[in-house]
Amino acid sequence: MAAVLRKLIQGRLPALAGVLCRRSGNEGHLFLNSSGSTLMQPRCGYSSPTESVIVEMDKATGVALLKLNIPPVNSLSLPLLTELAIVLDKLEMDKHCRGLILTSAVPNIFSAGLNLFDMMDKPNEHYSEFWRAVQEIWIKLYGSSLANIAAINGSSPAGGCLLALCSDYRIMANNPHFTIGLNETRLGIVAPFWYDILQWRVHHPPPCLHLFVMALVFRLHVHHPSAMTKVTRAYSTELKISVSYVKQPINWRSHEIYK
Ligand SMILES: CCCCCCCCCCC/C=C/C(=O)SCCNC(=O)CCNC(=O)[C@H](O)C(C)(C)COP(=O)(O)OP(=O)(O)OC[C@H]1O[C@@H](n2cnc3c(N)ncnc32)[C@H](O)[C@@H]1OP(=O)(O)O
């Protein structure tokens, strides 16, 4: 899995797709479009470039690979947020889906954050709708019952960084050209209060969290199901702690528990 993720975060997504395709046979990839319908792909490949969120479902493992696909920078516009919300809903309801990996199909960019043009010269109704869509993604990703990992394969400023923080775990490509952080403060845009909660979770992970990720990782390479069963049994307590940690409900008033 480490090798697979390494390939993923190095932007070598076709290689990963190949792995998943081999694992699941020719019928292994499912594509969801924004209307929620799924299209079976007869062979390994990618959906149309007009799809703003590409979903590749590995049926053998139940892990969905979600690739943001709005060049040039995957800015989080209202249409993209809306499509992502629909896709997340569909995966949540799919009983075969057990986890997801959020990444980018755009070379060198994970996400440039909120679309700046959605935040200027618009009527107030637009701002309400836009902000509702932003919060909805946070709630859906952070509150997802699925295990989810952000594979940050490019720069991820501002809302892109916050998007990654909504996942259970983050892995970022080791590339000095890729930037991440809250640069939007320079524009006078203040991150919402729940950012603080997400930040605590990232800075204070329990050691067993890595085990949780390993478990997800193992699912991508279930060549030896019995070995997987042994591992999960041996570390069942640690896994439960990790899962409950990353799936902790947010309560602003009990925020102290993170400290
Ligand atoms: C929704 C998730 C849930 C949790 C999120 C919670 C969110 C809470 C919100 C808290 C506050 C967050 C605020 C924001 O996100 S404000 C947005 C701030 N973003 C930025 O400042 C990013 C600015 N962009 C960059 O730094 C670079 O563009 C980047 C490093 C991403 C890429 O650099 P590169 O050199 O490759 O590309 P260019 O700079 O030439 O850009 C290419 C074109 O893309 C346009 N662009 C870039 N960023 C944005 C954007 N955010 N919105 C709209 N358009 C963008 C850029 O203007 C170029 O366009 P043109 O080719 O037409 O010039």
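1. Helix α9 spans residues 236-246, and Tyr245 is found in this helix. The model is a predicted one. The relative accessibility of Tyr245 is 13%; because buried means under 20% relative accessible area, Tyr245 counts as buried. Along the chain, Tyr245 and Asp168 are 77 residues apart, yet their C-alpha atoms are separated by 9.1 Å.

2. Helix α9 also turns up in the surroundings of helix α6. What covers the buried residues of α6 includes α9, together with α4 (124-142), α5 (159-165) and β9 (169-172).

3. Helix α6 itself runs over residues 194-203, and its buried residues are Trp194, Tyr195, Ile197, Leu198 and Arg201. Viewed down the axis of α6, these buried residues fall within an arc of 160 degrees, so they line one face of the helix.

4. Strand β3 covers residues 53-58, and 6 of its 6 residues are buried, which means that β3 is largely enclosed by the rest of the structure. Both faces of the strand are covered. On one side the buried residues are Val53, Val55 and Met57; on the other they are Ile54, Glu56 and Asp58. Note that Glu56 and Asp58 are thus listed among the buried residues of β3.

5. The pairing partner to look at is strand β4 (residues 63-68), which pairs with β3 in the antiparallel sense over 6 bridges. Within this pair, Val55 of β3 stands opposite Leu66 in β4.

6. The hairpin of β3 and β4 has 4 residues between the strands. In this hairpin, Gly62 takes a positive phi near 75 degrees.

Methods: Residues numbered from 1 in each chain as written. Predicted model: local features only at pLDDT ≥ 70, side-chain atom pairs only at ≥ 80, totals over all residues. Heavy atoms only, no water. Buried < 20%, exposed > 50% of the residue type's maximum accessible area, 1.4 Å probe, protein only. Helix = DSSP H or I, 4+ residues; strand = E, 2+ residues; numbered from the N terminus. Pairing = 2+ DSSP bridges. Arc of directions from axis to C-beta. Contact = heavy atoms within 4.5 Å.
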